[in-house]
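Subject: Structure handover

Hello,

Please find the structure below, followed by notes on what was found in it. The terms are explained where they come up.

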Amino acid sequence: MDRDIVIIGATGQLGHDLCERLGPRAVGLTHREVELCERESLSQTLSPLRPRIVINTAAFNFVDDAETRAGEAFAVNALGVRELSLVCRDLDCVLVHFSTDYAFGLDGCRRDPYSEDDVSGPINIYGTSKLAGECFVRSLCPKHFVVRTCGLYGHHGSGGKGRNFVNTMLRLAREGRPVRVVADQICTPTATADLADATLRLIETDAFGLYHWTNGGQCSWHEFASEIFRLAGLTVDCTPITTAEFGSRALRPAFTVLEARRWQTLGLPTPRPWQDALREFLSSLPPR
Ligand SMILES: NC(=O)c1ccc[n+]([C@@H]2O[C@H](COP(=O)([O-])OP(=O)(O)OC[C@H]3O[C@@H](n4cnc5c(N)ncnc54)[C@H](OP(=O)(O)O)[C@@H]3O)[C@@H](O)[C@H]2O)c1
């Protein structure tokens with residue numbers, strides 16, 4: 001069997017799920033093995049592997065830290081992705097890259113889902129750095145899939161942070177702590193397992209371009225937390241608060257629901273509702 005797919009960010013939550021699914025077909029590269037910010041590291045690592053497809057899940061994902069570490073955010077999410085795009089172009093391979101719903105938010109009163117045709121406009125450094133990365137992929141690497149997604153959770157926790165919203169909520173609940181969760185930001189939580197499956201379907205096509213992909217439906221973070229507690233059978237004092245009350249460093253858009261319009265035009269299955277993906281995720285956790 002050809003090992004013709006390379007996954008960058010193999011220890012991250014999405015990278016891990018992709019490696020699991022692809023098994024011996026893929027080479028998973030960790031941050032120790034490849035540095036996105038260095039063209040030499042990328043080309044020396046990728047060239048001998050002669051990949052047909054490179055899937056990049058690596059990113060600087062610290063939304064609040066990006067406000068004070070803009071140089072690092074742009075070094076990885078924008079300039080690093082530029083280097084990767086050039087290397088993939090030179091190797092004539094397909095580049096799959098992930099971006100974010102935080103590419104949107106500037107038109108603050110929006111209440112219907114964003115399609116791939118909507119004009120982007122981020123309101124924080126993280127979103128701006130990711131949007132710059134998208135632009136590099138789209139302009140430099142002809143055979144690309146850029147997939148914007150949202151609110152990822154998986155079994156392996158977000159790399160570096162080692163956690164995600166779901167396991168943070170479960171931990172706080174089990175510690176018996178009251179929880180305050182933002183109720184005025186609407187988006188769509190997405191299981192990395194489902195996104196990994198969708199990615200594998202996408203790369204079977206040659207319909208290159210920009211895609212939105214999340215689980216179906218929408219909710220606030222407070223509604224998401226409440227559903228986690230309900231499905232996990234936990235009674236938790238969970239108070240809805242506003243974004244202003246939460247007071248994070250980075251601005252957060254009020255509404256970033258994405259519509260998977262281009263995905264649907266390929267005739268691929270409609271993403272399942274976020275509640276169904278969450279139920280399956282929770283039921284697959286090891287018993288405590
Ligand atoms: N998490 C979300 O809620 C969310 C939402 C929307 C979009 N996305 C996008 O979806 C993709 C996957 O997210 P994720 O949550 O699975 O990511 P993740 O768990 O944070 O994993 C990112 C991986 O990238 C590696 N990495 C970081 N900087 C690197 C560099 N300079 N060179 C090489 N590797 C590097 C990390 O390794 P170390 O930890 O060892 O540094 C980690 O393994 C990303 O593009 C992200 O921006 C995520």
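**Helix α1 and what follows**

Helix α1 is followed by G23, whose phi is positive, near 50 degrees. The model is a predicted one: local features need pLDDT of at least 70, side-chain atom pairs count only at pLDDT 80 or more, and totals for chains, interfaces and linings use all residues. Residues are numbered from 1 along each chain, as its sequence is written. Helices (H or I, at least four residues) and strands (E, at least two) are DSSP runs, numbered from the N terminus.

Helix α1 covers residues 13–22, and eight of its ten residues are buried, so the helix is largely enclosed by the rest of the structure. A residue is called buried if 20 or more other C-beta atoms lie within 10 Å of its own, exposed if 12 or fewer, and partly exposed in between, with C-beta atoms placed from the backbone. In α1 the buried residues are Q13, L14, G15, H16, D17, L18, C19 and L22. The cover over them includes β1 (5–8), β2, β3, β4, β6 (152–153) and α7 (192–202).

**The sheet**

Strands of a sheet pair through backbone hydrogen bonds, either parallel or antiparallel. Here six strands form an open sheet in the order β2-β1-β3-β4-β5-β10, and the pairing is parallel. Two strands are said to pair if DSSP finds at least two bridges between them. The edges are taken by β2 (26–29) and β10 (209–212); each has a single partner strand, so one side of each is left without a neighbour in the sheet. From one strand to the next, the twist averages 20 degrees.

At one edge, β1 and β2 run parallel and are joined by four bridges. V6 has V27 of β2 as its bridge partner. The side chains of β1 are split between two directions: I5 and I7 point one way, V6 and I8 point the other way, and all are buried. At the other edge, β5 (residues 144–149) pairs with β10 in the parallel sense over four bridges. There, V147 has Y211 of β10 as its bridge partner.

Two helices pack on this sheet. Helix α4 touches β3 (53–56) and β4 (94–100), and its direction makes about 160 degrees with that of β4. Helix α5 lies across β4, β5 and β10 and runs at about 160 degrees to β4. Axes are lines fitted to C-alpha atoms, for helices over the stretch in contact, and angles run from 0 to 180 degrees between N-to-C directions. Contact means that the C-beta atoms of two residues, placed from the backbone, lie within 7 Å.

**Helix against helix**

Two packed helices are described by the angle between their axes and the distance between the axes. How do α4 and α5 lie relative to each other? The axes of α4 (residues 70–91) and α5 (residues 125–140) come within 8 Å and cross at roughly 10 degrees. The two helices are therefore roughly parallel to each other; angles under 35 degrees count as roughly parallel, over 145 as roughly antiparallel, 65 to 115 as roughly perpendicular and the rest as oblique. Among the residues in this contact are F74, V81 and L86 of α4 and Y126, F136 and V137 of α5. By class, the contact has twelve nonpolar, four polar and three charged residues. Ala, Val, Leu, Ile, Met, Phe, Trp, Tyr, Cys and Pro count as nonpolar, Asp, Glu, Lys and Arg as charged, and the others, Gly among them, as polar.

Helix α2 (residues 39–46) also meets α4: their axes come within 9 Å and cross at roughly 35 degrees. The contact is made by R39, L42, S43 and L46 of α2 and E83, L84, V87 and L91 of α4. It has five nonpolar, one polar and two charged residues.

**Two loop residues and one strand residue**

R50 lies in the loop between α2 and β3. Its phi is near 45 degrees, a positive value in a residue other than glycine. R50 is exposed, with 12 other C-beta atoms within 10 Å.

D92 is in the loop between α4 and β4. D92 is not a glycine either, yet has a positive phi of about 55 degrees. With 10 C-beta neighbours inside 10 Å, D92 counts as exposed.

V179 belongs to strand β7 (residues 179–182). V179 is partly exposed, with 18 other C-beta atoms within 10 Å.

Regards
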